[in-house]
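Trainee: Could you take me through one part of this structure slowly? I would like a close look at the enclosed spaces inside it.

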Amino acid sequence: MELDCRGLSCPEPVIRTKRAIADKPESIDVLVDQRAPLENVSRFLKAMKYNVAVEELDGEWKIKATK
Amino acid sequence: MTISKEKRNLAIAGGLIGIIAIVLVLLGNPKNMGFCIACFIRDIAGGIKLQTAAPVRYVRPEIIGLVLGSFIISLVTKEFNARGGSSPMLRFCIGVMVMIGCLAFLGCPFRMVLRLSAGDLNALIGMLGFAAGIGCGSFFLAKGFSLGRSHRQAPLEGAAISAVNVILLLLVLVAPALFAFSESGPGSMHAPIIISLCAGLVVGVLAQRTRMCMAGGFRDIYLLKDATLITGFIALFIFALIMNLATGNFKLGFASQPVAHSAHIWNFLGMFVCGLGCTMLGGCPLRQLILAGEGNSDSAITVLGLLTGAAISHNFGLAGGADSVVDGVYKVGGIGTNGKVAVIACIVILLAIACVKSFAKKKED
């Protein structure tokens, strides 16, 4: 599952991520393009017991979370 | 229990900012007003003659420093990111209303914490309103409230507000006669300009690095059960409290507090407007200044909304008046009829915007 949160300012990316993992998916990728959502979404997914890895590409980030 | 790096950094930054705020008061800023984003933007509105209330006119270097501190550190860390286009006009209007709410209470969320740390219990009533406003805003966020996506913009667009602040600073230094400065009242009380500017720069850097936000702290607890952001808020309170106790500036009670009134319902509702508006904007007035420095032109527009709101508040008699003693009789201040109507209207309008952008937004997305 991929969630596009580019252009959204805090706290919207985290709230959309929270909604997206309500069904406890095994993995989710979240796209963001600002530092604050990158940190906040990563922190939230770690708190939800996901393993988090980040790929950077041209000023955007893909947060890859897996159980 | 381990404390995360983010919480630790926020605690350190909050503590330092608390100490800086109290030092600014010792060096001349009004009591419990080492930093107040609303009051200082209001003073700037007076200084550049957008409003003419004689006691509150000064070009506060702290505000210029906050924007430029954020601008400089975001360039150094390559976080400067020119972007905008997320409902700029709505953000401007919400900025106006947040300022009307703040000035009904006589302070922004930052000053609310500073007032509380000096024993001003009116700020506790304000904080209850602030927390209720954020709770209300969080309800709409959970229902899908959004002001829409922002987009990348040209670097000049993102840097424009910082350039404006540089020009303002240069003009204040070389041609102060252009501006209006209070001769008495809070606007006449200020720390030396270079110290105020440096304090603003340091706090701007700290707030940019830690993403400190007074509204975000409560919001994240409500929505995410996450206490990270509120750590800065708590550290600021504790360190300012210690400094106030050490310097004899702590006085517990409702009556005779510096630049404050004890009209409880309007303290509550003023900060309710502020809390709701800040949650819709995604951050408190301090955070808007920091984001504006980082290149976010939506936040820059919001800052202009705050500035306009300050001018409207004073030109139309909406702002709160402090408690006073007249002929030996204690007179409770507060806001006049215009102010009461404005605060209620702000609540109604904010709720209407929140409803439209929460429940009718799916067609736009």
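**A close look at the cavities**

Mentor: Happy to! Let's begin with the second largest cavity, which has a volume of about 40 Å³. Keep in mind as you look that this is a predicted model.

Which residues line this second largest cavity? From chain A come A:C10, A:P11, A:V14, A:N40 and A:R43, and from chain B come B:R219, B:D220, B:L224 and B:D226. Try finding them one by one in the viewer. Two helices each supply at least two residues of this lining: α2 (35-47) of chain A and α9 (214-224) of chain B. The most comes from α9(B), with three residues. Sorted by class, the lining of the second largest cavity has four nonpolar, one polar and four charged residues.

Now let's step back for a moment. How many cavities of 30 Å³ or more does the structure hold? There are two, and the largest has a volume of about 60 Å³. Chain A contributes A:S9, A:C10, A:P11 and A:E12 to the lining of the largest cavity. You have met A:C10 and A:P11 already, since they were named in the lining of the second largest cavity too. On the chain B side, the largest cavity is lined by B:R91, B:L141, B:F145, B:L147, B:T279, B:M280, B:L281 and B:G282. Helix α11 (residues 264-281) of chain B gives the most here, with three residues. By class, this lining has seven nonpolar, three polar and two charged residues.

To place these helices, it helps to look at chain B as a whole. Chain B has 14 helices and four strands. Its C-alpha trace spans about 60 × 50 × 45 Å along the principal axes. For 365 residues, a compact globule would have a radius of gyration near 21 Å, and the 19 Å of chain B agrees with that.

One pair of helices in chain B makes a nice last stop. The axes of helix α2 (residues 37-47) of chain B and helix α13 (residues 297-315) of chain B come within 8 Å and cross at roughly 75 degrees. The two helices are therefore roughly perpendicular to each other. Where they meet, α2(B) offers B:I41, B:R42, B:I44 and B:A45, while α13(B) offers B:L306, B:L307, B:A310, B:A311 and B:H314. This contact has seven nonpolar, one polar and one charged residues. Take care with the name α2 as you go: the α2 that helps line the second largest cavity belongs to chain A, whereas the α2 crossing α13 belongs to chain B.

Notes. Residues numbered from 1 in each chain as written. Chains lettered and ligands numbered in written order. Predicted model: local features only at pLDDT ≥ 70, side-chain atom pairs only at ≥ 80, totals over all residues. Heavy atoms only, no water. Axes fitted to C-alpha atoms, helices over the stretch in contact; angles between N-to-C directions. Parallel < 35°, antiparallel > 145°, perpendicular 65-115°, else oblique. Contact = heavy atoms within 4.5 Å. Nonpolar A, V, L, I, M, F, W, Y, C, P; charged D, E, K, R; others polar. 1 Å grid on protein atoms, 1.4 Å probe; cavity = no way out; pocket = protein on both sides within 12 Å on 5 of 7 lines; lining within 4 Å. Points joined across faces, edges and corners; volume = space filled by probe spheres on them. Rg over C-alpha atoms; globule rule 2.2 N^0.38 Å.
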